[in-house]
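Open the model in your viewer and keep the sequence panel beside it. The tour goes from the whole chain down to a few side chains.

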Amino acid sequence: MTDRAPRTRNHLAWLGPLVSVVGLVSYFVVSAKFPFLRDTAWLNLLLVAAGVVLSIQAIRRRRSLPAVGGGVLAVACAALLAGYVFVLSKQLPNTEGVVAVGAEAPAFSLADHTGAKIGLDDFAGQTLVMVFYRGFW
């Protein structure tokens, strides 16, 4: 028999990436519905940062493939969330001058498929369904 100490499990190797993935996914599932969480994403950034710290601790305990792979996943989640919140979200157009939901539409006219001008006033007194696409893609 050998006097080797039993190996302890490195639970942080899977806990760190799990916390980071939960922080990333919950931003889109939960936080996006609440403006005070969506605009700054402080709760999600805190979760992802905690996952990165846990992953670093797992690597410091034992340098193994699961620990390093989990660390890479946690850092990737942090980079994706930070990139979305601080880079991509800032590139959206501002909403100044946008007609509010339920407000009366301003008078306008557009060309139809034949090139003839059709205005909103042409449909006065009728039920009209208009579909607008944002066009920011």
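Among contacts in the chain between residues at least 6 apart in sequence, what share joins residues at least 24 apart? The share is 61%. Keep in mind that this is a predicted model.

**Whole chain**

Start with the chain as a cartoon. You will find four helices and two strands. Walking along the sequence, you meet them in the pattern α-α-α-α-β-β.

Now zoom out to see the outline. The C-alpha atoms fill a box of roughly 95 × 30 × 25 Å along the principal axes. The radius of gyration of the chain is 26 Å, whereas a compact globule of 137 residues would have one near 14 Å.

**Surface and charge**

Switch on the surface next. About 10,700 Å² of the chain is accessible, and carbon and sulfur atoms account for 65% of that area. Of the 137 residues, 21% are buried.

Then select the charged side chains, with one colour for each sign. There are 12 positive and 7 negative side chains in the chain. The centre of the positive set and the centre of the negative set lie 32 Å apart.

**Aromatic rings**

Hide the surface and show the rings of Phe, Tyr and Trp as sticks. How many aromatic pairs are there, counting ring centres within 6.5 Å? The count comes to four aromatic pairs.

Select Tyr27 and Phe28. These two rings form an edge-to-face pair, with 5.2 Å from centre to centre and 85° between the planes. The pair counts as edge-to-face because its planes are over 60 degrees apart. Is Tyr27 buried or exposed? Tyr27 is buried, because its relative accessible area of 4% is under 20%. Phe28, at 43% relative accessibility, is partly exposed.

Move on to Phe34 and Phe36. Here the aromatic pair is tilted: the centres are 6.2 Å apart and the planes make an angle of 50°. Phe34 has a relative accessible area of 40% and is partly exposed. Phe36 has 57%, so this residue is over the 50% cut-off and counts as exposed.

Finally, go back to Tyr27 and Phe28 and add Tyr84 to the selection. Which residues do ring pairs link into a cluster here? Tyr27, Phe28 and Tyr84 are joined in this way. Keep the three rings on screen together, with the buried Tyr27 and the partly exposed Phe28 in separate colours.

Conventions:
Residues are numbered from 1 along each chain as its sequence is written. This is a predicted model: local features need pLDDT of at least 70, side-chain atom pairs count only at pLDDT 80 or more; totals for chains, interfaces and linings use all residues. Side-chain values use heavy atoms; hydrogens and water are left out. The radius of gyration is taken over C-alpha atoms; the globule rule is 2.2 Å times the number of residues to the power 0.38. Buried means under 20% relative accessible area, exposed over 50%, partly exposed in between (1.4 Å probe, protein chains only). Contact means heavy atoms within 4.5 Å. Accessible areas come from the Shrake-Rupley method with a 1.4 Å probe; for residues, only the protein chains shown count as cover. Lys and Arg count as positive and Asp and Glu as negative; His and the chain ends are not counted. The place of a charge is taken as NZ of Lys, CZ of Arg, CG of Asp or CD of Glu. Rings of Phe, Tyr and Trp (its six-membered ring) pair if their centres lie within 6.5 Å; planes under 30 degrees apart count as stacked, over 60 as edge-to-face and the rest as tilted.
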